[in-house]
Each structure stands twice: as C-alpha cells, then as structure tokens.
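User: Hello! I am new to this structure and would like a friendly tour. Could you take me through it step by step?

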Amino acid sequence: MSALILLAALQTVGPSSRPADFLGFEPGADSVLADWRQVSGYMNGLAQRSRYVRVDTLGRTTEGRPFLLLTITSPANQQRLTEIKQAQALLADPRRLTDTALADLRTRQPAVILISNNIHSTEVASSQMGMTLAYRLVTDPELRRLLDSVVVLMIPSMNPDGLDTVVSWYRRYKGTRYEGGPLPWLYHKYIGHDNNRDWFMLTQVETRLVTRMLYKEWFPEIVYDVHQMGANGVRLFVPPFQDPVNPNLDPAIVAGINLVGAQMASALYDAGLTGVAHQQTYDLWWHGGFRSTPTRHNMIGILTEAASTRLGSPITLSGDSVRQPVRGVNYPAPWPGGTWHLGDIVRYELTTSEALVHLAARDRVTVIDRFVGLGRRAVEAGLAGHPFAYVLPVEQRDPESWTALANVLAAGGVEVWRAAEPFSVGGQTYSAGSLVVPMGQPYRAHAKDLLEPQHYTPVNDRPPYDVAGWTLPFTMGVRADVVDTPFTANLVKVDSVIPAPGRIEGSGDVFFLKNRTNAESRAVAALLAAGQTVTIVGDSLMARGPRARAILTEHAARHGFSVTAARAAPAGRPGASRQRLPRIALYQPWTGNIDEGWTRWLFEQYGISYTTVHDNDLKKGGLRQRFDVIVLPDADGNAIVRGVDSTRIPLQYAGGMGETGANAVSEFVRGGGTLVCLDGSSNFAITRLNLPVVNVLAGEASGPQVLRFYAPGSIFGTVLGGVAGEGPRSPVTLGVPESLQVYFENSAAFTVSAPARALATYPEQPLRSGYARFQERLAGKAALVEAPVGSGRVILFGFRPQFRGQTHGTFKLLFNAVLLAAP
C-alpha cells in the first residue's frame, strides 16, 4: 500500500468513529452526560481521523480548561483556510472590497456559519448534540457534499468549566431525590447565567476569546446560539422573534433571521416534530446576548430554545398540563404531551443545525451578498450623518473608565481613532488625544447602539426580554459627544487605549487623593493592605506611611490619576482614619447568586480582599470579632433567611441563614459592624434591623400589571445628598459627582426618616435610557441610604452598583462603602 493510500485510509471516518463508540453511550441517552474531557476528547479524535475537521484551542477558560473551536469543511477548503479568512475580512468591510474582487469571491468563497453550544451549562443537550452533528457532517454523504460550499465553525461548549460543574453535580446525585435538581453555586466561576449577558462588555475570558474570533478572525455571516428554556411549555422556540425590533437593526437582518427560522421550522415539521413556536418571549430589542450582538455586526443571529429535562433525566407531562398556545400560524403543531427525553432535545437541535448547514450551502451567494450589502449600508448611513461620529474628549473625570469604554468598542471590532492635534466641530474644540468613533464604518450599529440612549416602546404592553437600556457613556460615567455633521481632523487609528500616566505632584511625604477615579480605590486598597494610613480630610483622602510614595507612584503611573504631595497634614480635625484593610465578608448563599459572583469578580479586579461566608459561617455568630464589613448581594429578603427547601437540594445547602444567622448579622451591626446591602437584600436589613426606611416599591409584583411601577433594566439619574443639615458628607459618596446615573432593574426606592439619611435621590423625571412605567413615582425617593444602628451602620443600595460589570460610574460607591465606611 502506498503512503498516500495509507494516509487516506487512516483519515477515513467510519462507524468506529461514532460518538457512542468513544463514550460508551449515545449522546442524548437518558441519565448519562458527557463531561468536557469526553466531549473535547471525541472532537480531537475526530479531527485526527478526518480531513474534514480541524480543532483549534482559542485559549484557556477562567479555570484553565482548553476552549475549543471546530472548523468543519471540505478538505479543499481546509487547505486554504487562511485565504478564506482573509476573504471573510474583505466581505465584512466593503470599503476595501472592489466590485471585481466581490465578483470573484461570489464564485468560490464558501459561506461561513458558527454554531455555539452550551453557553448556559445546565442547558446541557447541545454539548452532547455537537458530537453527533460533527460526526454526521463528515460521514453523511449528503451533508458532506455541502461542505464544499460552507465552513461550519462549532464551539462544542461555550463554558467548559460549567459543563464539568453541572455533569459532576448530576452524577453525584443521580439516583437520589435530588437527581437533576438545582446547583447551589454558579456554573461559571463569577457570573453564572450572565455569561450570555457579557457580549458587549467583554469582562470574562471566554467572551473575549469568542469575540476576537468573531470580529477579528473569522467574520461568519450567520451565528446560531443553541439554548434551552423551562420544561413546561412549547418544545422549541424558533425565530421569527417577537416585537419590538431595535431601530439599529437593518431590515435585511430581520428578514435573514426570519428566513433561517422558516428553514429550521420546515425541517422540523418535515421530520414530524411538534411543539415548535414562533414570536414568543424573545425579542429583537436587547443588546448583549450572543445571538443579539452579532446582529449589530451584520451577522444573522439565530436563537433556538428547547424545553428542558431534569439535566439528563426525562420528565413526563400530560398534554393538558403543558403551558402552550393554541394552534395557529405561530404554533401550527402543538405537542401532545408525554415523556420528554434529553434525546428529544438533541434530535430537535440536530435538525435545526443541519437545516442551517443546508441553507447556507444552498444560498451561499445570497448569504455573501446580504453580508456585504449590510456592511455597505452601515457605512453609507454613517457618512450621511445623524450621527456622523461620537467624540470622547480626553478630559474625563475617570481616565480609566474612558479608556475602558474605548477598549470595549475596539475589542468588538469598532474603529476608534485618536486626535493627533486639537480640532473643532460644532463650536466645540477638542484637545489632542480625544477619541473619535466615526459612524461611517461596517459595525456602526454596534457602536451607535452602545453610545446612544435607548427609548423602549412596549408592544401590546409586553416587557423587553432582558433589559431596556444599556447606554455605556451613562453607566460608565464617560462624556461622549454626538457630532451630526462631517468634520475633518488629524486622526490616528488605535487598537487599544491606555490612560496617560499620572504622577505625584509636589514634595513631601503626605499625599492627597481626590478619590474621583475607580483606580484610586484600587490604590487605597493597596495602601491599606500594606499597613499605610489613609485618612478622610474634607473631600479628599490623605495617605501616609513608609511605603505610601512607592505604592502611589506605581498606581498613578499605571492608571492615570494624579496625587498631590505635601510636607505636613493640614490643620484641623481630620475625619476617619484607617491603617489596615477592612475585614470584608461577602455572603454567598447556596442559591447560585449571580450578583454575588459579579461582586466577587469586581473586588478581585480592584485588589479588594474579601472572605466568602456561607450560611453556617453566619450561624456561628461572633461576626464582629472576625469582620468589619458584611456585604449582602442582591437577593430576596425572605429567601436569604429561608434558602432552598431540603426537598430540592441536599440538606447541607438547604435552609438559608435562618433565624440564627439573621440574628447574628443584626448583632454584628449593633456591635459596630457595617452592613452593605445591594438592591433586594435591602429589604432584609429594613425588616431585621427595624430601620426607619420604607422600600416604596416592595410588593409591586401584586396587583394589575398596567397599574404597577415597572422599570426592566434601565438607567436612571440621581442627585447626591438629602435634606440640608443632615451632617457631614458620608464617606460612601466621597469623590462622587453631585449627579450620576444608576442602573435600575426592578429595583428598590426608599423613603427615609431620621436618623437614617438619603445619600442619593431621584429627580422628577429620572429615566435616562430604557423604559419606565410611572417613573414619576420615584421623584424624591432615595436610591442610596445610610442608617446608624447601635454602634454600626447599614448602607442600602436601591440598585446594583456593579451591574454586570458595566456600571463603572457607580463602582466608586461600593468601593467607598467597603473601604471607607467601615469602622
């Protein structure tokens, strides 16, 4: 046998390459799940045996596992992947694409699609389905023939860490009363379910890896995000989505989504599958999910949501117990009920995935033409103005937040330019170093949607699927000016931005910080961790100690803030002083609390040390001897005490902190500790400590919906301070501007009586971006409250200051609460 024939034989995929032969069970079989080692092992083995499959490691996950991307296409295409990628980059930016080049690419360029599996780790079916899909693509003659015309990119799991977390939990309790039950912790180390809310902010490793691949390397025309939903409803949601449509989406995006959804639905019905619904729950308004952010990049973003099982275990539902719409054009084949298996989900998802491959191959030229047309229209719309560009002046309150906003845009493929010299437009002069985001670029929709305010209008009084507003200049506290008319300036394109180095000005060993930037809070944490002295002096912070100069020199240079040095402390009585980092406890309930994860992530980003405490840690009591500050994340006040019932979760994780833990927290505050409550947990403190505070929005879930206040994820303005004469400024608001925007998601609002005081209140019309029903009800209500209790204090946030890692403009409030307001 010649070497060539031998190589071909070794690279032939046959029956022995089936997933079942590798795993020992068929993907989707009842009560067995493959973990990441098995999934990645099968995919790597398939690539070794097949010339149709390539596996690349994009990087490492948060916990260090390999993050894989499969490229499945014909051997001829595999040989020219670099050329195909370069062509995709041209198609994505039609400014560089000549008519001659486009005509040539239309004859030979394959369509490129991406199928993304298992971003939400409890939605486990797609991680199993992907193995069967990969096998079928390279062994089924009809599907394999299509691979000349399409490149199929597949992410086997968007969260390998979470897949292992979920599979391990499932295996541990299989055969017990807890089989397929809820996890007591997050399935992503920091953000759990919110890993599909991070696609413009890019705070997490996995999000950044995929974003770079999408908008810098591969530029697929279609992105398919495979999900699951609750168990007791329709069997599968397939687009079209429901209204409203975000105004920044080109109609061709909507039409393309509808076309793919129709192709998928046809394949499902042809296969005799039922329970497929359209125009339900999921809309085209929200930005930030994996199926929605690509639509702002001229890509067709597809979502399907399958009814879940109990992880790997089947469920049985009678037809009359299933919550499903009546038969109609958006639900032509109701599900009759019965036993629903993991294998059923796999079959539905396999059918939709193969339908997508068929469509992309069959309509290859149309897919390419639509992609190019979308990019061209985006450029034309931007050059026409309204707006023509956004300018981010170099003079900002917090330079690091300014650079963070610019870097988020650039990482998402948006072109950002720096002014090499001053320029003027619309009567405004901008300094050299100011940043310009032109709208005449292919990803105009992404940039515009992040920089402008949102004005959500309900359709049939329906709330948005996720949030209603997300304007980054508001949430990050960054000035971004709209420029509607063309202008000329000497601009240099930048790939990333760093703040200009700060420095220590003056001489002496007493240092003063204005505390206006988040980076200064990072420096304060470093100073206190090193045993230096930090004192509140008026509206500033004073730092002293043998290592203070070295620490501040490093932090100022790296993070762009200035420090003033003096030879002596000012005359007069200083404020509170510290010489060590407060002992911070962060409560982690056994409920997989996402807000706790975001808080933990934020503290780690800024070098703020903390100790995670659970229910039993609180029940032991003696908290004041161990901690100075306790932070309670956003959670229902009653759920904090009760937790999850022991019929649903093992006993060691059940029951919440209970009366014993709640009493211990109360004793901690009265004994001199600081309790920081984020959003919903404020109700716990109000009740337990009998605070002179009322959450006027508590109980809004009852009564007719149209008569209730409602604000589903929106940005509200606030004004610092309460009633005149309430005493000196609180350390919580030290360095914070007199007005700032907060993120409000069905949050809290307070009325306050002495001795508690309002630190921030809502104006007459607080809505800045998003949607609010009866927003006037917030006028004059407190958003942030400080209340003395015994020898300690409680700080109530009526919002989440660290919401999804986006709200740089309110991080400072949380930092001050734990670093400066501690005893």
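Analyst: Happy to. One definition first: Ala, Val, Leu, Ile, Met, Phe, Trp, Tyr, Cys and Pro count as nonpolar, Asp, Glu, Lys and Arg as charged, and the others, Gly among them, as polar. Please also keep in mind that this is a predicted model.

User: Which residues line the largest cavity, and how do they divide by class?

Analyst: The lining is made up of Phe67, Ile119, Met158, Asn159, His188, Asn195, Trp199, Gln204, Glu206 and Thr207. Phe, Ile, Met and Trp count as nonpolar and Glu as charged, while Asn, His, Gln and Thr fall among the polar ones. The division is therefore four nonpolar, five polar and one charged.

User: How many cavities does the search find, and what is the volume of the largest cavity?

Analyst: The search covers the whole structure and finds eight cavities of 30 Å³ or more. For the largest cavity, the volume is about 70 Å³.

User: What is the volume of the largest pocket, and which residues lie nearest its centre?

Analyst: The largest pocket has a volume of about 770 Å³. Its lining takes in 33 residues, which divide into 11 nonpolar, 12 polar and 10 charged. Those nearest the centre are Asp634, Asp636, Gly680, Asn683 and Asn746.

User: Which element gives the largest share of the lining of the largest pocket?

Analyst: The elements that give two or more residues to this lining are helix 19 (594-605), helix 22 (637-642) and helix 24 (682-688). The largest share is four residues, and it comes from helix 24.

User: Are helix 17 and helix 18 roughly parallel or roughly antiparallel to each other?

Analyst: Helix 17 (residues 518-529) packs against helix 18 (residues 548-559) at an angle of about 155 degrees, with the axes 10 Å apart. Angles over 145 degrees count as roughly antiparallel. The pair is therefore roughly antiparallel.

User: Which residues make that contact, and what classes do they belong to?

Analyst: From helix 17 come Ala519, Arg522, Ala523, Ala526 and Leu527, and from helix 18 come Ala548, Ile551, Leu552, His555 and His559. By class, the residues of this contact are seven nonpolar, two polar and one charged.

User: Why is helix 11 oblique to helix 12?

Analyst: The axes of helix 11 (residues 251-270) and helix 12 (residues 342-362) come within 8 Å and cross at roughly 125 degrees. Angles from 65 to 115 degrees count as roughly perpendicular and those over 145 as roughly antiparallel, and this crossing angle belongs to neither range. Helix 11 is therefore oblique to helix 12.

User: What is the handedness of the crossing of helix 11 and helix 12, and how does their contact divide by class?

Analyst: The crossing of helix 11 and helix 12 is right-handed. Among the residues in contact are Leu259 and Met264 of helix 11, and Tyr348 and Arg362 of helix 12. By class, this contact has nine nonpolar, four polar and one charged residues.

User: Where are the cis peptide bonds that involve Pro244 and Pro387?

Analyst: Most peptide bonds are trans. Pro244 lies in strand 7 (residues 242-245), and Pro387 in the loop between helix 13 (364-383) and strand 13 (389-392). The cis bonds join Asp243 to Pro244, with omega about 5 degrees, and His386 to Pro387, with omega near -5 degrees.

User: What is phi of Thr281?

Analyst: Thr281 lies in the loop between strand 8 (276-277) and strand 9 (283-284). Most residues other than glycine have a negative phi. Phi of Thr281 is instead positive, near 70 degrees.

Definitions and conventions: Residues numbered from 1 in each chain as written. Predicted model: local features only at pLDDT ≥ 70, side-chain atom pairs only at ≥ 80, totals over all residues. Heavy atoms only, no water. Axes fitted to C-alpha atoms, helices over the stretch in contact; angles between N-to-C directions. Parallel < 35°, antiparallel > 145°, perpendicular 65-115°, else oblique. Contact = heavy atoms within 4.5 Å. 1 Å grid on protein atoms, 1.4 Å probe; cavity = no way out; pocket = protein on both sides within 12 Å on 5 of 7 lines; lining within 4 Å. Points joined across faces, edges and corners; volume = space filled by probe spheres on them. Left-handed = near helix turned anticlockwise from the far one by under 90°.
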